[in-house]
Structure formats: C-alpha cells, structure tokens
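Load the model in your viewer and set it to a cartoon view. The stops below go from the whole chain to single residues.

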Amino acid sequence: MTYAAGAIGAAPLAGQALQRFFERDAIAVARDLLGCHLNVGDVGGRITETEAYFPDDEASHSFRGPTQRNGAMFGRPGNVYIYRIYGMYWCLNFVCTTGSAVLIRAIEPAAGITTMTERRGSDVLTQLCSGPGKLCQALGIDLSLNDRLLDRPPFSITPSAPIEIVAGKRIGITKNAEAPWRFGISGSRYLSRPFR
C-alpha cells in the first residue's frame, strides 16, 4: 500500500506522524521520501534519490546485528543514522523498522543555496547535492548529528504529494547489487547518476 504523504499537509513530520511515516517497509519509505523537503538548519531541498536497506540484506550495515558504529540503525523510526565511507565522506540515512533504513542519495537544493555553494566550493546547482557525500557536505552533516530523530533540530522533513518515480539497481555496493532498491524522481536533473 502506498503511503499518501500529501494527505498529511504541509507541516513537517513530527511525533506520531513521523513514526507512522517511517515505521514501514524501507522500500515504501524510500519511494515516499521522494519529493519530501529536508532541511538541516537553514539549508535543504527536495529529496530526489534514495536507496533502501534491510537487516537481512548483505549490503546493509545492520546485517551482522547491532554494533557501536551502527547502533542508530536500531533506534526508533525516523531516527538519523550517519556513517563515513572511504574514510572521508559522510552518508545520511533514515531509520524505518528496526535495522532497516533509507540512504538519502541526492536532493534538489532549495534553501540556503549560498551556504551550500560555499561549503562545496561549487556553484553548479545540479552538482551541489548529487550524491551522498556531496549532499552531506552541502548540508553540513557529520557524525555529531547521528542518532537523533528527524523532528529534532537541526532537522525537519516535510512530506510531499505522490510523484512519478523511477527505480533501478543500487550504486556503489558489491553484495546484493542486483536488488532494484534505488529510487528517483522521474525526469529530475538532480540525481547522483541517471537511471538506465
């Protein structure tokens, strides 16, 4: 069943509404996050690309159970899980049911664009947040924001009406790489990589 995100209205998700939105299958959440507006303080934009991960998924950080590093993945629905890849880039994830999460791969910048361009050292709008690492740099996300709910500062997330989406294989993984659990807004120019 598709979640009618637009039925919630324009108010940011908070409390029970936040929990209801995220306490579902990660694929449903990944699809419904597309079009939602994510803000981190005074910067943010529309989510354009996501990927779903599950606890029985070998590509997921939760596959081997809770650890000090992945503990936030076992938190409440709507919890933020942040980790570092390649020793240099942060990645932003939102927890769904226990041990499952959605990676936020790209957004379309809408607020605080000057701040984002300064942080990224680039003024090419389509490249500001076109990948998990770029997105976190532009939004000022690092490990200090790990393990907190999306209705707590500096985060806020506002739902979107349902939109047309595309799906494909996830990117940058070797295990369970064939799973078609990467989702994007159809026709968007603000993606980490085009859908084929």
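Accessible areas here come from the Shrake-Rupley method with a 1.4 Å probe. On that basis the chain of this predicted model exposes about 9,200 Å², and carbon and sulfur atoms supply 50% of that area.

**The whole chain**

Keep everything selected. Four helices and eight strands make up the secondary structure of the chain, and their order along the sequence is α-α-β-β-β-β-β-α-α-β-β-β. Along the principal axes, the C-alpha atoms fill a box of roughly 40 × 40 × 35 Å. A compact globule of 196 residues would have a radius of gyration near 16 Å, and the 15 Å of the chain agrees with this. Buried residues account for 49% of the 196. Of the contacts between residues at least 6 apart in sequence, 59% join residues at least 24 apart.

Next, colour the charged side chains. The chain has 21 positive and 17 negative ones, and the centres of the two sets lie 3 Å apart.

**Strand β1 and its partners**

Select residues 37–40, which are β1, and show the side chains. L38 and V40 form the covered face, while H37 and N39 form the uncovered one.

Add β2, residues 43–53. This strand pairs with β1 in the antiparallel sense over four bridges, and H37 stands opposite R46 of β2. The two strands form a hairpin with two residues between them. In the turn, select G41 and check its backbone: phi is positive, about 65 degrees.

Which other strand pairs with β1? Add residues 155–158, strand β6, to the selection: β1 and β6 are also joined in the antiparallel sense, over four bridges. The bridge partner of V40 in β6 is F155.

**N93 in strand β4**

Move to residues 89–95, strand β4, and pick N93. Is N93 buried or exposed? Its relative accessible area is 3%, so N93 is buried, the cut-off for that label being under 20%. To see what surrounds N93, leave aside neighbours within four places in sequence and select its contacts: N79, V80, Y81 and Y83, together with A101, V102 and L103.

**Helix α4**

Select residues 132–139, helix α4. How many of its eight residues are buried? Six are, and the helix is mostly covered. The buried ones are P132, G133, L135, C136, A138 and L139. An α-helix has 3.6 residues a turn, so residues three or four places apart point the same way.

Now display the cover over those buried residues. It includes β1, β2, β4, β5 (101–111) and α3 (113–120), so several elements from earlier stops come back into view here. After the helix comes G140, with a positive phi near 70 degrees.

**C129 in the loop before α4**

The last stop is C129, in the loop between α3 and α4. Its relative accessibility is 1%, and C129 therefore counts as buried. Outside its neighbours within four places in sequence, C129 is in contact with R105, A106, I107, P109, M116, K134, L135 and A138. Two of these contacts, L135 and A138, are also among the buried residues of α4.

To finish, draw a distance from C129 to D142, C-alpha to C-alpha: the pair is 13 residues apart in sequence and 15 Å apart in space.

Conventions: Residues are numbered from 1 along each chain as its sequence is written. This is a predicted model: local features need pLDDT of at least 70, side-chain atom pairs count only at pLDDT 80 or more; totals for chains, interfaces and linings use all residues. Side-chain values use heavy atoms; hydrogens and water are left out. The radius of gyration is taken over C-alpha atoms; the globule rule is 2.2 Å times the number of residues to the power 0.38. Buried means under 20% relative accessible area, exposed over 50%, partly exposed in between (1.4 Å probe, protein chains only). Contact means heavy atoms within 4.5 Å. Lys and Arg count as positive and Asp and Glu as negative; His and the chain ends are not counted. The place of a charge is taken as NZ of Lys, CZ of Arg, CG of Asp or CD of Glu. Two strands pair if DSSP finds at least two bridges between them.
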